[in-house]
Amino acid sequence: MTDMKPVIEIRNLQKSFGKVDVLKGIDMQVAAGEVVAVIGSSGSGKSTMLRCINLLETPTGGQILWHGKNIQTEIDSLYKYRASVGMVFQQFNLYNNLTVLQNCTLPQVKVLGRSKAEAEKIAKDYLDRVGMLPYQNARPAQISGGQKQRVAIARALAMNPEVLLFDEPTSALDPEMVGEVLNVMQQLAQEGMTMIVVTHEMAFARDVSSRVVYMNQGVICEQGTPAEIFGNPQKQETRDFLARFRNN
Amino acid sequence: MIEFLNDVIEIVTKHYPFLLRGIGYTMLIALAGTLAGLLIGLATGVVRTCPLSKNGFVRLLQKILNGIIAVYVEVFRGTPMMVQAMVIYWGYAFATGGSTLPLIPSGIIIVSINTGAYMAEIVRGGIISIDKGQFEGAAAVGMTHWQTMLHIVLPQVLRNILPSVANEFVINIKDTSVLNVIGVTELYYFAGIIKRESFQTFQTYLVVCVIYFVLTFTVTRVLRLIEKKLQGADSYVICGSQSDPSAEIRVPKQQEVPND
């Protein structure tokens with residue numbers, strides 16, 4: 001932890017869809033430079049928590065603070081806030097009507113007000129870093145899943161976000177595509193990017209993250225360093241979950 | 001038989017200035033009406049899909065606007081355009097104490113409003129069919145509803161609804177004929193004049209019938225070409241596949257222009 005003041009602080013976050021309580025009081029802090037891996041079985045609320053952070057879902061209770069300010073009531077602009085919290089989706093969500101390069105420039109021009117030339121320079125820089133610069137003129141329909149996800153990461157990075165949220169970024173990929181995306185993410189982690197990664201990739205959580213959060217049935221069951229969670233889990237649920245993964 | 005053909009040829013050669021003017025106005029009203037109707041449809045689509053504001057006053061305005069749109073769609077889809085033409089044209093005359101709108105603009109306005117009601121539903125269907133991920137991908141980088149619609153969603157909607165828009169255009173070419181009830185000088189109106197001059201009802205309307213078909217058939221073919229052109233992007237060589245990540249190396253298109 002480079003900065004003791006949390007960038008994101010989640011207090012007693014709750015979210016229900018109708019009568020179904022998906023999140024039942026989440027408390028979590030993320031400091032600058034941290035890489036938090038959120039693990040847990042399907043339906044445990046991991047993705048919902050992540051989606052609440054940039055208000056793709058509206059929380060039904062609790063607070064999310066961004067540098068100490070409540071994102072629902074105290075921040076100046078929802079749009080500016082979202083621009084500073086990048087998101088990478090399971091299904092990539094590249095804009096299908098635009099080329100790879102335009103995918104990375106349009107948000108910069110429209111949301112950050114950068115000039116087209118500046119946006120292209122920045123976009124090309126990040127596309128190069130994820131190895132997708134040769135495909136700058138391709139359309140999303142023309143590239144593979146792993147390539148789409150790398151473009152999606154470049155698009156998020158081009159906005160120069162303070163925090164990057166990853167929602168199961170490799171779950172929709174064929175096994176041989178997973179590595180290329182994880183490599184990019186590992187590189188980002190090493191460069192000090194603050195990241196919250198919802199993932200089923202236990203190797204990534206163990207080797208790359210600075211903290212692992214295990215969620216179960218809408219609450220944080222246990223959290224700690226990768227060594228603590230994977231080496232010496234305290235809760236029975238965590239041990240069962242990890243055992244299921246090892247057996248697979 | 002020879003006599004019949006001579007009648008037909010005479011109608012065409014003698015009255016072609018009328019026929020050409022009729023074709024011109026019919027196409028002008030149909031084209032302008034379809035485009036304006038499409039714009040109305042797109043605008044209502046943006047308004048209707050806009051999430052309700054947190055601000056109470058704005059939210060009230062949104063609800064009123066959505067209500068107006070719903071009434072508009074139902075009323076103009078649920079009544080014949082011929083009747084709408086009479087009501088709007090003579091309604092204006094009634095309201096202004098006798099002055100009437102110029103005829104061609106009246107025709108365009110009537111067709112636009114009528115088409116707009118159908119387009120509103122076509123666009124709504126088009127927006128619903130766009131993957132939720134496109135909206136979320138735009139929201140997550142901080143785009144507003146308007147930016148998302150303008151730059152991401154509507155371009156994709158337009159491509160998807162083009163066949164329906166073409167359909168509306170063809171319908172409008174034919175349906176402008178009802179505007180003769182208010183005296184708009186489109187093709188069907190001139191057919192009436194030619195009939196009264198030549199006393200050959202069947203021959204006259206047969207000629208007009210063929211002209212309508214040629215117009216609609218040409219338009220459908222042209223729009224089909226445009227559609228194909230817009231879909232071209234998908235049929236390019238796929239560079240790299242899910243199962244073979246190294247496939248990209250073998251795609252010549254990428255190697256020609258690697259970095260601009």
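This passage looks at helix α2 of chain B and at one residue that it meets, B:T44.

The model is a predicted one, so local features need pLDDT of at least 70 and side-chain atom pairs count only at pLDDT 80 or more, while totals for chains, interfaces and linings use all residues. Residues are numbered from 1 along each chain as its sequence is written, chains are lettered from A and ligands numbered from 1 in the order in which they are written, and side-chain values use heavy atoms, leaving out hydrogens and water.

Helix α2 of chain B runs over residues 56-77 (helices are DSSP runs of H or I with at least four residues, numbered from the N terminus). Its 22 residues reach 32 Å from first C-alpha to last, close to the 32 Å expected at 1.5 Å a residue (that is, 1.5 Å times one less than the number of residues). At the N-terminal end, B:N55 acts as the cap, with a side-chain oxygen 2.9 Å from the backbone nitrogen of B:F57.

Now for the two faces of α2(B). B:Q62, B:I69, B:Y72, B:V73 and B:F76 are buried (under 20% relative accessible area, with exposed meaning over 50%, using a 1.4 Å probe and protein chains only). They cover an arc of only 95° around the axis, which puts them on the same side of α2(B) (the arc is taken from the directions from the helix axis to the C-beta atoms). This buried set packs against α1 (2-49), α3 (81-95) and α4 (103-129) of chain B. Facing away from the buried side are the exposed residues B:F57, B:K63 and B:V71.

Over in helix α1 of chain B sits B:T44, buried at a relative accessible area of 7%. B:T44 touches B:I69 and B:A120, not counting residues up to four places away in sequence (contact means heavy atoms within 4.5 Å). The B:T44 side chain also reaches the backbone oxygen of B:G41 at 2.8 Å.

Conventions: A polar contact is a pair of N or O atoms within 3.5 Å; within protein, one must be able to donate a hydrogen and the other to accept it, and residues adjacent in sequence count only if both atoms are side-chain atoms.
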